[in-house]
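Here's a quick briefing to read with the model open beside you. Take a look at the fold before you go on.

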Amino acid sequence: MKTSPNRMLATIFGAVYLLVGIIGFTITAGVGFTSNEGALLLGLFMVNPLHNIAHVLIGAALLIGGLSNVRAAKSVNIVVGAAYLLLGIVGFFLSGPTNVLALNMPDHFLHLGSAVLLLGIGLGTEKKISPATATA
């Protein structure tokens, strides 16, 4: 894993997003499942239970990919990065009842930053994955 930027990034991001999702559940008691006004995580990022589930699932996917092999880590980094890029852009236009993830401005910038890192590493490194390194 130390020699693969994709595996390292997927594992680190996976652990962080999984932890954030779990911690989010501790502060969203009493918040509606898809409420557009969530609780503040770290005093900055708005979350609701659906948002927490999304963090847990994304964190698990990244962690599994990162711990599996280079090909899996690269793939999950690209897919999650693309999803975060889309969410980061679309998030600026969500408001009221359409904001089912309780996204706020810091969330948008965090999603865009995550997208840049995940896509940058996913698309920019380990362009040719040999069978030997795919399982390393």
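Which backbone oxygen lies 3.5 Å from a polar atom of the side chain of Thr 11? That oxygen belongs to Gly 66. Keep in mind that what you're looking at is a predicted model. Let's start with the whole protein and then come back to a few residues.

**The overall layout**
- You can count five helices and two strands in this protein.
- Start at the N terminus and the elements come in the order α-β-β-α-α-α-α.
- Line the protein up along its principal axes, and its C-alpha atoms fill a box of roughly 50 × 30 × 20 Å.
- A compact globule of 136 residues would have a radius of gyration near 14 Å, and the 16 Å of this protein agrees with that.

**Inside, outside and contacts**
- Among the 136 residues, 40% count as buried.
- The accessible surface adds up to about 7000 Å², and carbon and sulfur atoms make up 77% of it.
- Look at contacts with a separation of 6 or more: 69% of them are between residues 24 or more positions apart.

**Back to Thr 11**
- You'll find Thr 11 in helix 1, which covers residues 5-27.
- Thr 11 has a relative accessibility of 14%, so it counts as buried; the cut-off for that is under 20%.
- A polar atom of the Thr 11 side chain is the partner of the Gly 66 backbone oxygen, at 3.5 Å.

**Aromatic rings**
- To describe a pair of aromatic rings, you give the distance of the centres and the angle of the planes.
- There are three aromatic pairs in the structure.
- In the pair of Phe 92 and Phe 109, the ring centres are 5.5 Å apart and the planes sit at 75°. Plane angles over 60 degrees count as edge-to-face, so that's the label this pair gets.
- Where are the two partners? Phe 92 is in the loop between helix 3 (70-91) and helix 4 (105-124), while Phe 109 is in helix 4 itself, so the pair ties together parts that are 17 residues apart in sequence.
- Phe 92 is partly exposed, at a relative accessible area of 36%.
- Phe 109 has a relative accessible area of 51%, and the cut-off for exposed is over 50%, so Phe 109 counts as exposed.
- Elsewhere, ring pairs join Phe 13, Tyr 17 and Tyr 84 into a cluster.

Terms used:
Residues are numbered from 1 along each chain as its sequence is written. This is a predicted model: local features need pLDDT of at least 70, side-chain atom pairs count only at pLDDT 80 or more; totals for chains, interfaces and linings use all residues. Side-chain values use heavy atoms; hydrogens and water are left out. Helices (H or I, at least four residues) and strands (E, at least two) are DSSP runs, numbered from the N terminus. The radius of gyration is taken over C-alpha atoms; the globule rule is 2.2 Å times the number of residues to the power 0.38. Buried means under 20% relative accessible area, exposed over 50%, partly exposed in between (1.4 Å probe, protein chains only). Contact means heavy atoms within 4.5 Å. Accessible areas come from the Shrake-Rupley method with a 1.4 Å probe; for residues, only the protein chains shown count as cover. Rings of Phe, Tyr and Trp (its six-membered ring) pair if their centres lie within 6.5 Å; planes under 30 degrees apart count as stacked, over 60 as edge-to-face and the rest as tilted. A polar contact is a pair of N or O atoms within 3.5 Å; within protein, one must be able to donate a hydrogen and the other to accept it, and residues adjacent in sequence count only if both atoms are side-chain atoms.
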